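Trainee: I'm new to this one. Could you walk me through it, a bit at a time?
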Amino acid sequence: MDWKPNTDSHLTLHDQIIDWIKERIEKGDWCVGTKIPTQRQLAAQFNVNRSTVQLALDELRAEGLLQSKRGSGVFVSNSSWNVLVNKTNPNWQQYIEGSVHEPNYHTIQLINQYEQVDHIIRLGTGELSPDLLPTKQLEESLKEISLESKAIGYSSPRGSKALRTTLCTYLKKKGIYTTPENILIVSGALQALQLIAVGLLEKGSLVFQEQSSYLNSVHPFQSAGMRVMSVLRGKNLPEHLRRLKKNKQSLFYCVPTLHNPTGYSWTLEERIAFYQTCKELQIPIIEDDVYHELLFTSGIEPIKALDTSGQVLYIGSVSKTLSPGLRIGWVVAPPPVIERLADIKMQTDYGSSAFSQEIVAHWLSTGLYENHLGQLREQLKIRAEFVEKILYQKFQSLANWEKPEGGFFIWLKFKKPIVNKALFLNLLKRNVLINPGYIYETRDLYHIRLSYAYASLEELEKGLDILFEVCSEY
Ligand SMILES: Cc1ncc(COP(=O)(O)O)c(C=O)c1O
């Protein structure tokens, strides 16, 4: 016991004494019930005034680490260990449960976990199979990209000017006429949703969506304190929205082209009617258009192409077409909105990866992107036909579906409500992973989102065999 407080330390003498005594207790040198040396002995050992020791012991008593017994001295208290454990190990569970962000559904957590397991057949994954990614061409293109030092520093708040400029040319082909000032580069479409949630809406505002929605599987608005409400489109929509909206601030989130999870696309008439309704009711629209490039037959334009009043916040991304790992997406919106979102983005991540932005700018400006898209659509069509053939052979008595018009998904509707957690887990036991409809709409026990984009043809065949067997037992 030859320790002494350091008179040169930035800590006071009595704080150092407190830390030293806590360490004795924590290490078990002074276990519960130990009588500690007297104030006089400690003062002599530490070479300090008795009043300094007294101050330290008073604090330790107040914290519950020491207790005095009249006439006997000072002892390490019974509760000292609890006090120390609680102090040194914060109750993380309590922190987690009290935090602002909603957790993922347990089923989605399992999906995220099992997607990393090699032998699992992934029948629901909304991602391109590794052999559909243009890995070799990406590698080749890296050799053609010359980097300027400035371009690989922190990027400007809105993102690379070169990428925003080339995006303007690209978006023109979809009927969207815009300028670099109206574009924000984001780290994937999901970040765009998060920035909109925290940057544009007050707590308690309403976010409308269609029933069965991608939003229910990620929670950006729910976590920011917005109420998400599912509504049906159709001729009653204006009346319905008017009634729900009252005077509340609101937005409509939609995926009108190759919707996730259903894969459906709205007709032009539906787009026009929807746009007019939202305009009349002054409900801004978030158009999430990440699958548009994967339409098997082109023709239909985004709602943003109809937008003459800056009503539509348009979101795109290369995640579903080129590489989700690049984490590059974009928002097209009026400049004040872009400035606001860019300001929050700078506070969040100081901009998207400069390398990824360079790569995407190169692929867009050289035509590599559109060449690749042509081939990709052909490959996806082959896969869609392959899966449809199996469905016709096996599933006609169990389920219905519509012919896919592009993208990744077939929204398989079972005739009975069998798609529950037990079915999900049973399939997992057989190494088949599905995306059940209830992760997109909690009450939906009829649907599975089948993806023909990820698994190999062999795996798709085997996985669908197992799906058929398990579903037939229900
Ligand atoms: C409709 C929709 N929007 C956004 C995203 C997220 O895309 P990103 O990878 O660009 O963040 C997805 C991915 O599944 C999606 O399906």
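Mentor: Sure, and one note before the record comes up: UniProt positions are given in the numbering used here, feature names are shortened, and annotations may be inferred rather than shown by experiment. This is a predicted model, where local features need pLDDT of at least 70 and side-chain atom pairs count only at pLDDT 80 or more, while totals for chains, interfaces and linings use all residues. Residues are numbered from 1 along each chain as its sequence is written, and side-chain values use heavy atoms, leaving out hydrogens and water.

Trainee: Which residues does UniProt list for "domain: HTH gntR-type"?

Mentor: The record is an unreviewed entry. Over the stretch in question, the chain is 52% helix and 12% strand, with the end C-alpha atoms 27 Å apart; helices (H or I, at least four residues) and strands (E, at least two) are DSSP runs, numbered from the N terminus. UniProt lists residues 11-79.

Trainee: Which strands stand at the edges of the open sheet of 7 strands?

Mentor: Pairing here takes at least two bridges found by DSSP between two strands. The order is β4-β10-β9-β8-β7-β5-β6, with mixed pairing. Two of these strands have a single partner each, so one side of each is left without a neighbour in the sheet: β4 (183-186) and β6 (227-231).

Trainee: What stands opposite Ser-317?

Mentor: Look at strand β9 (residues 312-317), which pairs with β10 (residues 329-332) in the antiparallel sense over 4 bridges. Opposite Ser-317, in β10, you'll find Gly-329.

Trainee: Which strands does helix α8 touch?

Mentor: Helix α8 covers residues 161-172 and packs on the sheet. Touching means contact, with heavy atoms within 4.5 Å. The strands are β4, β9 and β10.

Trainee: Is Asn-182 buried or exposed?

Mentor: Asn-182 is found in the loop between α8 and β4, and its side chain makes a polar contact of 2.7 Å with that of Thr-179. The cut-offs are under 20% relative accessible area for buried and over 50% for exposed, with partly exposed in between (1.4 Å probe, protein chains only). Asn-182 has 19% relative accessibility, so it counts as buried.

Trainee: How far is the side chain of Arg-327 from an oxygen atom of the ligand?

Mentor: Start with two other residues: a polar side-chain atom of Ser-317 lies 2.7 Å from an oxygen atom of the ligand, and a polar side-chain atom of Lys-320 also lies 2.7 Å from a ligand oxygen. A polar contact is a pair of N or O atoms within 3.5 Å; within protein, one must be able to donate a hydrogen and the other to accept it, and residues adjacent in sequence count only if both atoms are side-chain atoms. For an N or O atom in the side chain of Arg-327, the distance is 2.9 Å.

Note on methods:
Axes are lines fitted to C-alpha atoms, for helices over the stretch in contact, and angles run from 0 to 180 degrees between N-to-C directions.
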